[in-house]
Amino acid sequence: MTALLEVEGLHKAFRGVRAVDGASLAVRAGSITGLIGPNGSGKSTTIDCISGFQSSDAGTIRFDGQDLRGLPPQAIARRGLTRTFQDVRVYDGYSLLDNLLVVDKPFQGLGWSGALFRSRAWRERRGRAEARARELIELVGLTRLIDAPAVVLSYGQKKLLAFAAAMMSEPKLVVLDEPVAGVNPTRINEVAEILRRANRGGTAFLIVEHNVDFISALCDHVIVYDRGRKLTEGPPAAVHRDHRVLEAYLGVAPAEPVS
Ligand SMILES: Nc1ncnc2c1ncn2[C@@H]1O[C@H](COP(=O)(O)OP(=O)(O)OP(=O)(O)O)[C@@H](O)[C@H]1O
Ligand SMILES: [Mg+2]
């Protein structure tokens, strides 16, 4: 089966620091793929390059049969790939509903005059966007707060709102950077269930996380990063057993078990 996203030989350096150093990875359509690895191993930088928030130095990024390299984030989102950020980003002063409606703006393609004169096409598009926004806010369990400014949300709730915003354009693939870091452990299962439900609707996910239990429960495939590139990959159980993964995390070879 061909991959939805295929990254090969990706490189990105910051003033001599090789953040991404020849990484290759693939995400199948409809899958939930995990990306784990020690701090500083280049996971977020890889996402930044894929989603157009950083320019890569070398490599290829193919998504749904198209070359993404050099495209700005909005053009990539229009092709069906969106993302969330490790440092959760929402518009604090906007209501939850407006946080989602603002995402739809660049997709309207109706120009300022359409909006100014409230043309029929504009009103229809806006109606559809609002219906989708309400559905997504319901999906993440925030309907009670739909008209409140996002500033009132807890950290975990902001992550859910950012997730809903990433889903607004009905993307084929959403890349999530640490969706449950800092989220109350009792709510982590709820987040997993929300992602499963969205996945059943056809959206694929690439999830960067340090919470290995969350990744194991959710993902059908896990990619392990170390020092800017893929160390290994496979089903969660196989990755768990791989001694190189433990070595990468601990920085040393684990002691041999005493028999
Ligand atoms: N904008 C930047 N300028 C300079 N160095 C950067 C920049 N972004 C990342 N780096 C460096 O690149 C390396 C990879 O960082 P990155 O954030 O991609 O790692 P990560 O795997 O996401 O780590 P974490 O699990 O801690 O989030 C690190 O050494 C980091 O300091
Ligand atoms: Mg990171």
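The following paragraphs lead through two sheets, the helices that lie against them, a magnesium site and several individual residues. The structure is a predicted model.

The first sheet is an open one of 4 strands, arranged in the order S2-S1-S4-S5 with antiparallel pairing. Its edge strands are S2 and S5, the latter comprising residues 66–67, and each of these pairs on one side only. Strand S1 covers residues 3–14 and strand S2 covers residues 17–28; the two run antiparallel and are joined by 9 bridges. Within this pairing, Phe14 of the model stands opposite Val17 in S2. On the other pairing of S1, strand S4 (residues 58–63) is matched in the antiparallel sense over 5 bridges. Two positions illustrate how S4 is aligned: His11 stands opposite Ala58, and Glu6 has Arg62 as its bridge partner.

The turns of this sheet contain two residues with notable backbone angles. The hairpin of S1 and S2 has 2 residues between the strands, and there Arg15 takes a positive phi near 40°. Most residues other than glycine have a negative phi. Arg15, in the loop between S1 and S2, has a relative accessibility of 86% and therefore counts as exposed, the limit being over 50%. Asp64 lies in the loop between S4 and S5, and this residue, which is not glycine, likewise has a positive phi, near 50°. With a relative accessibility of 37%, Asp64 counts as partly exposed.

A helix accompanies this sheet. Helix H1, made up of residues 43–50, lies across S1, S2 and S4 and runs at about 115° to S1. Helix H1 also contributes to the metal site: the magnesium ion (ligand 2) is coordinated by Ser44 through OG and by Gln86 through OE1, at 2.1 Å. Ser44 lies in H1, whereas Gln86 belongs to the loop between strand S6 (81–83) and helix H3 (96–108), so the pair ties together parts that are 42 residues apart in sequence. Gln86 itself is partly exposed, because its relative accessibility is 36%.

The loop between S6 and H3 is also the place of Thr84. What is the relative accessibility of Thr84, and does Thr84 count as buried or exposed? The value is 7%, so Thr84 counts as buried, which requires under 20%. Leaving aside neighbours within four places in sequence, Thr84 is in contact with Ala162, Phe163, Ala166, Val175, Leu176 and Asp177. With Asp177 there is a polar contact as well: the side chain of Thr84 reaches the backbone nitrogen of Asp177 at 3.3 Å.

Strand S6 leads into the second sheet. Here 6 strands form an open sheet in the order S6-S7-S8-S3-S9-S10, and the pairing is mixed. The edge strands are S6 and S10 (229–234), each pairing on one side only. On average, and with direction ignored, neighbouring strands of this sheet are turned by 20° against each other. S6 pairs in the parallel sense with strand S7 (residues 173–177) over 3 bridges, and Leu81 stands opposite Leu173 in S7.

Two helices lie against this second sheet. Helix H6, residues 155–167, packs on the sheet and touches S6, S7 and strand S8 (204–208), and its direction makes about 160° with that of S7. Helix H7, residues 185–200, lies across strand S3 (32–36), S7 and S8 and runs at about 150° to S8.

Further along the chain, Val222 lies in strand S9, which spans residues 221–226. Its relative accessible area is 2%, so Val222 is buried. Not counting residues up to four places away in sequence, Val222 touches Gly34, Ile36, Ile215, Thr232, Glu233, Gly234, Pro236 and Val239. By contrast, the C-alpha atoms of Val222 and Arg126, which are 96 residues apart along the chain, are separated by 38 Å.

Finally, the cysteines may be considered. Cys49 counts as buried because its relative accessibility is 5%, and Cys219, at 7%, counts as buried too. How many disulfides does the structure hold? The number is 0.

How values were computed
Residues are numbered from 1 along each chain as its sequence is written. Chains are lettered from A and ligands numbered from 1 in the order in which they are written. This is a predicted model: local features need pLDDT of at least 70, side-chain atom pairs count only at pLDDT 80 or more; totals for chains, interfaces and linings use all residues. Side-chain values use heavy atoms; hydrogens and water are left out. Two strands pair if DSSP finds at least two bridges between them. Contact means heavy atoms within 4.5 Å. Axes are lines fitted to C-alpha atoms, for helices over the stretch in contact, and angles run from 0 to 180 degrees between N-to-C directions. Donors are N, O and S atoms within 2.8 Å of the metal (3.2 Å for Na, K and Ca); water is not among the atoms, so sites may look incomplete. Buried means under 20% relative accessible area, exposed over 50%, partly exposed in between (1.4 Å probe, protein chains only). A disulfide is a pair of cysteine sulfur atoms within 2.5 Å. A polar contact is a pair of N or O atoms within 3.5 Å; within protein, one must be able to donate a hydrogen and the other to accept it, and residues adjacent in sequence count only if both atoms are side-chain atoms.
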